[in-house]
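Work through the exercises below with the sequence and the model open. Each task is followed by a solution in steps.

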Amino acid sequence: MASRQGAADAADSSAHTGRGGSSTNTRARARSPSLPERGRDVSAPPDRDPSRYAQTDHFRRRLRQQGRYITLPTAGDAIRNGQLRWNSTDGWRFAVVRDGVRFVVVVGDTDTPSPVLVTGWTEIADWDEALASDRWSECDVHTIRLRAALSEHKGRQIPGRIRPRIVTRPFEVSGHRVVTAAGDGHVECDDCGARFRSKRELCELPCDRR
C-alpha cells in the first residue's frame, strides 16, 4: 500500500526548496563564499528560516529513500515550528510531531558557508494516533517503528523487535530492500532473498540481486 503522505508532500515540495535561492543540486560543501567567523558560539540557537538552509548530500539521499518519510516541507515545518534541542552527538535538532509521528531534523551552521540540513528521520510518537491518522497507512507506521529499532540497536540482533512488525512494501537499508511478516524474527531482502536480524548484518553483506 502506498503511503498516504506522499501526494500531499509532493504537492507542497515545489513551494519550499529548503535553500536560499540556490539550485538543489549544488553541494553545500562546494560553495565558494568565505567560511563563517571563527569562534561562533555553538550554544546560540540556529536560524528558524528554512529558506536559508542548504542540503548535504546525505540529507538529499534521505529525501529519496523509501521509508524515510522526510521531505522538504516536513523539514521546513520542523525548523519553523518544532522543538529545538542540543544533542551532544550530532548538535542542534528540530523536532515536530504530526499525526502521531515525530519528524527530527539535524542542522549545522558552524563549519559550513551557510546553514545546512545534515540529516533527518522519523519516530513514532503516538502509535494509536498514527494508526488512526489518514496521513499514514498501517505499513507506514510499522516501517517507521522497524527502521527506528534497527538503527537504535544496530550492533545486535533484535528478532523480538522485528517479529511484531508487518512491512509489505520494501524499504531500503544499506542497499537491501527489506520486508517482514508478522511473526518473522528477521527482515528479508526483496531483491536477493537474504535474511537479517540486525542492521549490522544488513550493512556487512552486499545485496546480490537475483
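Of the 210 residues of the protein chain, 44% count as buried, where buried means under 20% relative accessible area, exposed over 50% and partly exposed in between, with a 1.4 Å probe and protein chains only. The model is predicted: local features need pLDDT of at least 70, side-chain atom pairs count only at pLDDT 80 or more, and totals for chains, interfaces and linings use all residues. Residues are numbered from 1 along each chain as its sequence is written, and side-chain values use heavy atoms, with hydrogens and water left out.

**Exercise 1.** Count the helices and strands of the protein chain, then state how much of helix α3 is covered.

Solution.
- Helices (H or I, at least four residues) and strands (E, at least two) are DSSP runs, numbered from the N terminus.
- By that rule the protein chain has seven helices and nine strands.
- Helix α3 spans residues 72-81, and eight of its ten residues are buried.
- Among the buried residues of α3 are Leu-72, Asp-77 and Ile-79.

**Exercise 2.** Find how strand β5 is joined to β1 and to β4.

Solution.
- Two strands pair if DSSP finds at least two bridges between them.
- Strand β1 (residues 54-55) and strand β5 (residues 116-124) run parallel and are joined by two bridges.
- On this side, Ala-54 stands opposite Val-116.
- Strand β4 (residues 101-108) runs antiparallel to β5, with eight bridges between them.
- Here Arg-102 has Glu-123 as its bridge partner.

**Exercise 3.** Describe the surroundings of Gly-120 in strand β5.

Solution.
- Gly-120 has a relative accessible area of 0%, so this residue is buried.
- Contact means heavy atoms within 4.5 Å. Leaving out residues up to four places away in sequence, Gly-120 touches Phe-59, Arg-62, Ile-70, Val-104 and Val-105.
- Gly-120 and Val-104 are 16 residues apart in sequence, and their C-alpha atoms are 5.4 Å apart.
- For the chain as a whole, 56% of the contacts between residues at least 6 apart in sequence join residues at least 24 apart.

**Exercise 4.** How many disulfides does the model contain, and why is Cys-192 not bonded to Cys-189?

Solution.
- A disulfide is a pair of cysteine sulfur atoms within 2.5 Å.
- The count by this rule is zero.
- Cys-189 is in no disulfide, and the nearest cysteine sulfur, in Cys-192, is 3.6 Å away.
- Cys-192 is not bonded to Cys-189 because 3.6 Å between their sulfurs is too far for a bond.
- Cys-189 is buried at 1% relative accessible area, and Cys-192 is buried at 16%.
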